[in-house]
Amino acid sequence: MNEIPLYDWIGFHVFLLLLFVGEFLMLRRKQTPARAVWATCMWIGAALAFAGYVWYTLGSPYDIEFISGYAIEESLSVDNLFVFLLLFREFNIEGPHQRRVLFWGILGAVVMRAGFIGLGIELLEHFAWVTYIFGAFLLFAAVRLLMPHGEKKSGKPAWTKWIERIFPVSNNQSHFFLRERGKLHLTMLSLALIAIAFTDFVFALDSIPAVLSITRHPFIAYSSNVMAVMGLRSLYFLLAHLLEKLAYLHYGLAAVLGFAAFKMLAASWIEVSAPLSLAIILGMLGITVVISLLLPKKHATA
């Protein structure tokens with residue numbers, strides 16, 4: 001496995017910081033669809049450019065592994081974004097405040113993913129049988145996506161009542177914490193942030209094994225995953241009005257997770273090349289997106 005020099009790790013995070021500043025400048029005043037499109041294109045273009053850098057420094061198949069890992073995380077993130085949308089509705093978080101919650105939620109997600117990827121790679125390197133556990137977990141996640149979602153309940157999640165028994169909660173949305181009548185209060189923003197952090201933790205349990213089914217290289221797994229996560233904020237503002245139209249997308253996501261499970265469980269007997277993996281992933285997602293956009297929503301059963 002090719003060793004990555006320290007300056008590449010530092011350079012990658014500097015690159016992320018520059019992209020984040022660019023996104024901030026695009027979305028700081030208003031999150032219009034046009035601005036969200038430009039910000040999303042910036043992140044996707046940057047990912048492709050970084051894949052070129054990976055090819056230049058590490059060669060193939062690491063560049064294809066990076067793109068495949070990025071594609072998996074980006075596609076699974078769409079399902080994550082739908083949950084974000086529901087949470088913002090449940091907590092009645094207004095548009096201008098959603099950006100703040102997403103910023104801190106995504107920052108926490110980056111730290112969480114780094115820890116999960118490091119732990120996952122260590123487990124796979126020292127305990128080969130963990131591969132089968134990860135594969136079985138991905139298979140379970142794929143089956144779960146195929147099950148009927150049912151009707152979404154309105155109102156705040158039940159766990160907020162438990163938190164309100166410990167901490168008083170204010171409907172104020174100006175801060176994450178505030179002091180009223182001498183007592184420290186949580187706000188709806190902090191409850192939404194807690195919900196998003198927990199949601200990302202659950203989604204990471206699916207996405208990290210999926211990425212590790214593509215590559216075991218720490219730098220490739222981390223950079224592809226984190227770059228996709230960092231682009232979630234602009235992707236959210238771009239897809240917020242389209243998410244409910246992607247009624248069949250969960251079938252494509254289930255197929256991707258099933259394919260990742262197959263790669264892990266059959267790795268000792270069947271080797272799937274990086275280019276073929278990328279083609280299969282993009283094909284599965286593309287088919288379900290096209291079907292979702294072409295068929296009327298009233299016929300969707302998701």
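The exercises below, with worked solutions, concern a predicted model.

**Exercise 1.** Find how many residues the largest nonpolar core has, and which helix gives the most to it.

Solution. The largest nonpolar core has 86 residues. Those with the most contacts inside this core include Phe 91, Tyr 236 and Leu 257. Helix H3, residues 62–90, gives the most to the core, with 12 residues.

**Exercise 2.** Check the end-to-end span of helix H10 (residues 249–265) against the expected value.

Solution. Helix H10 has 17 residues. The expected span is 1.5 Å times one less than the number of residues. For H10 this gives 24 Å. The end C-alpha atoms of H10 are 24 Å apart, which agrees.

**Exercise 3.** Decide whether H10 is largely enclosed, using its count of buried residues.

Solution. A residue is buried when its relative accessible area is under 20%. In H10, 12 of the 17 residues are buried, so the helix is largely enclosed by the rest of the structure. Among the buried residues are His 250, Leu 257, Phe 259 and Lys 263.

**Exercise 4.** Describe the surroundings of Ala 141, starting from its helix.

Solution. Ala 141 lies in helix H5, residues 130–146. Its relative accessibility is 0%, so Ala 141 counts as buried. Apart from neighbours within four places in sequence, Ala 141 is in contact with Asp 206 and Leu 257. The contacts of Leu 257, leaving out residues up to four places away in sequence, include Ala 141, Asp 206 and Leu 76. Ala 141 and Ser 207 are 66 residues apart along the chain, and their C-alpha atoms are separated by 9.8 Å.

Notes: Residues numbered from 1 in each chain as written. Predicted model: local features only at pLDDT ≥ 70, side-chain atom pairs only at ≥ 80, totals over all residues. Heavy atoms only, no water. Core = buried A, V, L, I, M, F, W, Y, C linked by side-chain atoms within 4.5 Å. Buried < 20%, exposed > 50% of the residue type's maximum accessible area, 1.4 Å probe, protein only. Helix = DSSP H or I, 4+ residues; strand = E, 2+ residues; numbered from the N terminus. Contact = heavy atoms within 4.5 Å.
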